[in-house]
Amino acid sequence: MRFAAKTGSAADQKTACLILPVYSSGALPASTKSVNSATNGLIACLLEEGDIEGKAGDALLIKPPQDARTSHDLQAERILLIGCGERKKFDRKQYRKAVRVAFGALRKTKLKDAVCFLNGEAARGTDVYRRARIAAEVWYHGAYRYTATKSADEPKPCSQTSLGLTAKSAQTAQVRKGIKHGEATGLGMDVTRELGNLPANLCTPSHLVTVARQIAKGNAKLRVEVLTEADMKKQGMGALLSVTAGTAEPAKLIVLKYNGAAKSRKPVALVGKGVTFDSGGISLKPGPAMDEMKFDMCGAATVLGVFQAIALLKPTLNLVGVIPACENLPGSKATKPGDVVTAMSGKTIEILNTDAEGRLILADALTYAQKFKPELIIDMATLTGACLIALGRHRSGLLSNSDKLAHALIKAGDAADDPAWQLPLDDEYKAPLKSNFADLPNIGGRDAGTITAGAFLSEFVGEYDWAHLDIAGTAWLSGSRKGGTGRPVPLLLEFLLNRR
Ligand code: BES
Ligand code: MN
Ligand code: ZN
């Protein structure tokens, strides 16, 4: 899709389709009004006669008769009216919805191009930059289709090739920047969603390596290094190796490095859980919905999605990605409950439940990330079912040893409509992490499962500022809309782009 900032009035746009806002009451917005006059009151008439009410979610595509276009000053061939609800309630969320509805309606047509005026409306909690960014992101999000493993019914790609967003001449730079950021966010989320959706027989640790290399290819600022199991052994990654022990599929530890700033600038480290299938291991999971454990690599997919976006934007910052990737399967060589392993940090861990595997691979990855002397570390992981119980599917769980970092991430999530919520991490929550046979066990009790998992991770971050995003509830949807969401790519990009 080619996006462009378009100056000039709505009536003057030469396009197959003009996307215009209408509210459920009050005067017509300026853009719509100009087209209304150019068409001899056509839009006012449609509203009056009830063809469209202007409620949020409404959409009406019209083709003014040829003579109306020639005898008046309308350059566009069609008009797509989009309901924006009550004007005084039009905020960022309503705007996002209006754009989603508009682009959804547009994609159902064969029209090649459109010019959108929805982003000309002052939605509360947005500026021109943000509205352009949301529009571009929403376009890509709506255009994504999973086809990788379908032979029939391949949905045909949409017909649109270019989309204009309205801009006053003084604001074109901001609109273009918004488009750029939104586009990168959308394309990054595509990477994350596609990897999540791919079945585990295809999306193996080695496949994650392939995708990491694809992202870095031809980009002088990006490097990829891969540790094999032999390398992991040399590094003493006993925790990570204990998880992969039961499977024949080789584990990988993928390191991505983006150098966009002076070498002296410390990098931000992103660590993502990459369990490409989590059966639970010897502590086998129950059958129902076990297929969804193919999504247990969504933390890793988020790191790759963020790197895809960063590869496109090339911002002035340094970034390191660390992805521990493996399967968690039972087998004759699998780790057993009660086994004690030694992590790279030197701590011994009693594995009381092989299904609490995410924290084990993260323990070693967090230790490894410290080799790069990062300014801070953020890990994301589909870590605990308990997070879904606590927060549902709207907000990701956030735990941190730095309130400043936690605050910055919450703010970024809210701004990007990819929200998170902080859970406490008092020392008291570490109390259940006591073992008679090792430095610590890999599970606490039943209580506060998300927090004790975070408390376990905190044992492996040393003195570094660190935050953990539990994305068990937000990384994918279940039921009829089953599929990866691309979260928390928007939150992380918002955070990273704000830091420059
Ligand atoms: N990948 C799961 C967490 C999960 C479960 C995410 C369901 C989303 C939906 C993780 O590895 C796991 O199995 N966690 C256990 C931890 C428990 C054994 C302490 C859990 O949440 O049940
Ligand atoms: Mn598990
Ligand atoms: Zn898991």
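# Strand pairing and helix packing in a predicted model

Four bridges join β5 to strand β6 (residues 162-166), and the two strands run parallel. The model is a predicted one.

User: How do you know that β5 and β6 count as a pair?

Analyst: Two strands pair if there are at least two bridges between them. β5 and β6 are joined by four bridges, so the definition is met. Within this pairing, alanine 114 stands opposite leucine 163 in β6.

User: What makes strand β2 (residues 18-22) and strand β5 (residues 113-116) a pair?

Analyst: β2 and β5 share two bridges, in the parallel sense. The requirement is at least two, so these strands pair. Leucine 18 has valine 115 in β5 as its bridge partner.

User: How many bridges does β2 make with strand β4 (residues 79-83)?

Analyst: β2 and β4 pair over five bridges, again in the parallel sense. Here leucine 20 stands opposite leucine 81 in β4.

User: Which helix lies across β2 and β4?

Analyst: Helix α1 (residues 30-38) does, and it runs at about 110 degrees to β2. Angles of 65 to 115 degrees count as roughly perpendicular, so α1 is roughly perpendicular to β2.

User: What is the direction of helix α6 (residues 172-197) relative to β1?

Analyst: α6 packs on the sheet, where it touches β1 and β6, and its direction makes about 160 degrees with that of β1. Angles over 145 degrees count as roughly antiparallel, so that word fits α6 and β1.

User: In what order do the strands of the sheet lie?

Analyst: The order is β1-β6-β5-β2-β4-β3, an open sheet of six strands with mixed pairing.

User: Why are β1 (2-6) and β3 (59-62) called edge strands?

Analyst: Each of β1 and β3 pairs on one side only. As for the twist of this sheet, neighbouring strands are turned by 25 degrees against each other on average, direction ignored.

User: Why is helix α11 (residues 358-369) called roughly parallel to helix α14 (residues 449-458)?

Analyst: α11 and α14 pack at an angle of about 30 degrees, with their axes 9 Å apart. Angles under 35 degrees count as roughly parallel, so α11 is roughly parallel to α14. The crossing of these two helices is right-handed.

User: Which residues make the contact, and what makes one of them charged?

Analyst: On the α11 side are Arg359, Leu360, Leu362, Ala363 and Leu366, and they meet Ala453, Phe456 and Leu457 in α14. Seven of the contact residues are nonpolar, none is polar and one is charged. Arg counts as charged, so the charged residue is Arg359.

Conventions. Residues are numbered from 1 along each chain as its sequence is written. Chains are lettered from A and ligands numbered from 1 in the order in which they are written. This is a predicted model: local features need pLDDT of at least 70, side-chain atom pairs count only at pLDDT 80 or more; totals for chains, interfaces and linings use all residues. Side-chain values use heavy atoms; hydrogens and water are left out. Axes are lines fitted to C-alpha atoms, for helices over the stretch in contact, and angles run from 0 to 180 degrees between N-to-C directions. A crossing is left-handed if the near helix is turned anticlockwise from the far one by less than a right angle, and right-handed if clockwise. Contact means heavy atoms within 4.5 Å.
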